[in-house]
Amino acid sequence: MSAGIRCMMMRGGTSKGAYFLADDLPADPAERDDLLLRVMGTPDPRQIDGIGGAHPLTSKVAVVSPSTRPDVDVDYLFLQLGVEEPAVSDRQNCGNLLAGIGPFAVERGLVAAGPDRSGVRIRMVNSDSVATATFATPGGAVDYDGDTAISGVPGTAAPIVLDFEDTEGSACGALLPTGNVRDVVDGVEVTCVDNGMPVVVAAASDLGATGYEDPADLARLRDRVQSLRLAAGRLMGLGDVSDASVPKTTLVAPPRDGGAICTRTFIPLRVHASIGVLGAVTVATALLMDGAVGHDLADLPAPGAPMGIEHPTGRLDVAVELDGASVRRSSIVRTARKLFDGTVFPRRSL
């Protein structure tokens with residue numbers, strides 16, 4: 001039998017992933033990725049021989065280590081694993097798994113818990129940006145129970161406040177990677193923006209959709225979205241993105257449930273059941289820009305107030321403030337829960 005590896009499975013936001021200490025994994029990235037594919041059971045549409053959940057939202061890995069930066073507590077590397085394809089990508093952040101990093105760091109003894117609440121400063125290695133997670137630790141232990149509900153997750157849990165720093169241009173080097181608020185790409189008017197996640201924002205109506213469809217009903221747009229994102233990826237400085245998970249494509253429509261905008265997001269070609277944390281932050285950022293796609297469709301709140309990003313299973317409230325063309329602050333409330341802590345046994349190498 002293959003040797004086991006210490007692993008904690010956590011729900012972070014509306015995703016689920018395996019959390020590892022970097023020291024428990026091979027130092028060589030190729031060896032590490034091979035091991036993680038075998039842990040997840042990739043490639044296989046069911047991931048039946050691993051702990052993956054047969055969906056991109058449940059085929060995720062967080063690798064955590066003490067930070068070498070004096071102003072940061074831990075480093076967090078996010079890895080997106082394929083389901084049917086043996087792919088491992090580090091080209092994006094995951095703001096949902098980020099919700100579990102602070103609690104995981106306390107659970108593993110990387111950060112000492114406060115007597116009541118704890119704040120953990122986290123460097124997101126994928127983009128070299130920083131987030132601070134603040135959460136309850138009564139008596140010096142993480143408390144996952146609480147009354148905060150987030151759309152897409154049954155029940156309630158303890159709130160985790162995420163405050164972001166230096167997220168603009170996370171992967172593309174600029175908030176507006178093309179230098180324009182609006183471009184015509186592959187025949188469609190879009191806004192290409194990156195405030196923690198490279199996103200191509202397009203009006204749903206321009207792709208023959210309403211923006212209110214059930215995710216399964218948008219599978220017909222897969223080829224059209226791929227053509228759009230391939231062209232946008234090049235303009236955004238990301239090169240050939242045919243095998244990459246970014247940029248995401250978000251279709252927007254006027255809100256219909258009290259939020260600021262209604263969204264349907266492709267990740268990158270499968271429609272998200274909700275919307276990613278940093279994807280929502282980035283879309284909200286675009287909406288604040290005069291002339292951006294979606295700005296004229298949005299019902300914007302008062303400056304500084306949370307913006308409701310509607311998605312297929314509810315809404316996600318995001319706070320974004322701009323200072324001209326720069327991001328002053330971004331924050332969001334998420335929840336997380338420890339599912340199991342133990343040893344995972346990867347299948348043997350083929």
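Helices (H or I, at least four residues) and strands (E, at least two residues) are DSSP runs that are numbered from the N terminus. The model is predicted, and for that reason local features need a pLDDT of at least 70 and side-chain atom pairs count only at pLDDT 80 or more, while totals for chains, interfaces and linings use all residues. Residues are numbered from 1 along each chain as its sequence is written, and side-chain values use heavy atoms, with hydrogens and water left out.

**Figure 1. Strand β9 and the loop that lies between β9 and β10.** V184 belongs to strand β9 (residues 183-185) and, at 59% relative accessibility, counts as exposed, where exposed means over 50% relative accessible area, buried under 20% and partly exposed in between (1.4 Å probe, protein chains only). V184 and A232 are separated by 48 residues in sequence, and their C-alpha atoms lie 9.4 Å apart in space. D186 sits in the loop between β9 and β10 (188-194) and is partly exposed, with a relative accessible area of 34%. The phi of D186 is positive, at about 55°, although this residue is not a glycine.

**Figure 2. A positive phi at D128 and two cis peptide bonds.** In the loop between β6 and β7 (129-136), D128 has a phi near 60°, a positive value in a residue other than glycine, and at 44% relative accessibility D128 counts as partly exposed. The peptide bond from T42 to P43 is cis, with omega near 5°, and P43 is placed in the loop between α1 (29-40) and β3 (60-66). A cis peptide bond also joins V246 and P247, with omega about 0°, and P247 lies in the loop between α3 and β12. For context, most residues other than glycine have a negative phi, and most peptide bonds are trans.

**Figure 3. Surroundings of T263 in strand β13.** T263 is found in strand β13 (residues 261-266) and, at 0% relative accessibility, counts as buried. A polar atom of the T263 side chain lies 2.6 Å from the backbone oxygen of E310. Contacts of T263 (heavy atoms within 4.5 Å), leaving aside its neighbours within four places in sequence, include G211, T250, V252, I275, I309 and H311.

**Figure 4. Surroundings of S118 in strand β6.** S118 is part of strand β6 (residues 117-124) and is buried, with a relative accessible area of 5%. The side chain of S118 makes a polar contact with the side chain of T137 at 2.8 Å; such a contact is a pair of N or O atoms within 3.5 Å, and within protein one must be able to donate a hydrogen and the other to accept it, with residues adjacent in sequence counting only if both atoms are side-chain atoms. A polar atom of the S118 side chain also lies 2.8 Å from the backbone nitrogen of G114. Not counting residues up to four places away in sequence, S118 touches A113, A133, T134, F135 and T137.

**Figure 5. Helix α4 and the nonpolar cores.** A nonpolar core is a set of buried Ala, Val, Leu, Ile, Met, Phe, Trp, Tyr and Cys residues joined through side-chain atoms within 4.5 Å. The largest nonpolar core has 61 residues, and those with the most contacts inside it are Y76, L98, I101, F164, I309 and V318. The largest share of this core, 8 residues, comes from helix α4 (residues 277-287). A second, separate core of 24 residues includes V185, A202, A209 and V225. In α4, 11 of the 11 residues are buried, so this helix is largely enclosed by the rest of the structure.

**Figure 6. The largest pocket.** About 870 Å³ of space lies in the largest pocket; a pocket is an open set of points, on a 1 Å grid over the protein atoms alone and for a 1.4 Å probe, with protein on both sides within 12 Å along at least five of seven lines, and lining residues have an atom within 4 Å of a point. The largest pocket is lined by 40 residues, of which P56, G82, S245, I267 and P268 lie nearest its centre. Elements that give two or more residues to this lining include β4 (74-81), α2 (95-107), α3 (222-235) and α4.

Note on methods: Grid points are joined across faces, edges and corners, and a volume is the space filled by probe spheres set on the points.
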